[in-house]
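Load the model, show side chains as sticks, and keep a selection box ready. The stops below are meant to be followed in order.

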Amino acid sequence: MVCPSTNHTTAANKIEREQVIPILDSIKVKTNKSGISGKRVEILAADKGYFSQARLHVLHQRGIRPHFSERIC
């Protein structure tokens, strides 16, 4: 299994959950196949604080399966 990572720095006054889509767009998963430079993220695992209907819609449009954890109190 490949676990891609990226570093994305924003100003302190930015809301980090609004940066999820730009970060996902910047990740390229390396492949060992000749002629294929990389592919996009297929699954996003994030906590419930990142959930919104608008973000869910964008993820589905990009073919990304979201998995949002639930808060346990």
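## Stop one: a buried arginine

Select R55 and E18 together. R55 is buried yet takes part in no salt bridge; E18, the nearest side chain of opposite charge, lies 6.1 Å away. A salt bridge would require a side-chain nitrogen within 4 Å of a carboxyl oxygen, so this pair does not qualify. Bear in mind that this is a predicted model.

Why does R55 count as buried? Its relative accessible area is 12%, and the cut-off for buried is under 20%. In the secondary structure, R55 is found in helix α2.

Now add Y50 to the selection. A polar atom of the R55 side chain lies 2.4 Å from the backbone oxygen of Y50. Next, expand the selection to what surrounds the arginine. Beyond its neighbours within four places in sequence, R55 is in contact with R17, E18, V20, I21 and Y50. For one of these, I21, turn on the C-alpha atoms: those of R55 and I21 are separated by 8.0 Å, with their positions 34 residues apart along the chain.

## Stop two: R17

Move to R17, one of the contacts of R55. R17 sits in the segment before α1. Is R17 buried, partly exposed or exposed? It counts as partly exposed, because its relative accessibility is 41%.

Residues up to four places away in sequence aside, R17 touches G49, Y50 and R55. Draw a distance from its C-alpha to that of Y50: the two are 5.5 Å apart in space and 33 residues apart in sequence. Y50 therefore appears in the contact lists of both arginines, R17 and R55.

## Stop three: the nonpolar core

Clear the view and select V20, I21, L24, I27, V41, L44, A46, Y50, L56, L59, I64 and F68. These twelve residues make up the largest nonpolar core. Colour by element of secondary structure: α1 (20-26), β1 (43-46) and α2 (53-61) each supply at least two of the core residues. Helix α1 gives the most, with three. In soluble globular proteins, nonpolar side chains tend to be buried together.

Three members of this core, V20, I21 and Y50, have come up already as contacts of R55.

Within the core, centre on L24. Which residues does L24 touch, not counting those up to four places away in sequence? They are R40, V41, L44, L59 and I64.

## Stop four: R65 and the strands

Select strand β2, residues 65-68, where R65 lies. R65 counts as partly exposed, because its relative accessibility is 47%. Leaving aside neighbours within four places in sequence, R65 is in contact with E42, I43 and L44. The C-alpha atoms of R65 and L44 are separated by 6.2 Å, although the two are 21 residues apart along the chain. L44 is also one of the contacts of L24.

## Last stop: the whole chain

Zoom out and switch to a cartoon. The secondary structure comes to two helices and two strands, which run α-β-α-β from the N terminus on. Of the 73 residues, 22% count as buried. Among contacts between residues at least 6 apart in sequence, 27% join residues at least 24 apart. With a surface display on, the accessible surface comes to about 6,000 Å², of which 51% belongs to carbon and sulfur atoms.

Key
Residues numbered from 1 in each chain as written. Predicted model: local features only at pLDDT ≥ 70, side-chain atom pairs only at ≥ 80, totals over all residues. Heavy atoms only, no water. Core = buried A, V, L, I, M, F, W, Y, C linked by side-chain atoms within 4.5 Å. Buried < 20%, exposed > 50% of the residue type's maximum accessible area, 1.4 Å probe, protein only. Helix = DSSP H or I, 4+ residues; strand = E, 2+ residues; numbered from the N terminus. Contact = heavy atoms within 4.5 Å. Areas by Shrake-Rupley, 256 points an atom, 1.4 Å probe, with all protein chains shown as cover. Lys, Arg positive; Asp, Glu negative; His and termini not counted. Polar contact = N/O pair within 3.5 Å; in protein donor to acceptor, adjacent residues only side chain to side chain.
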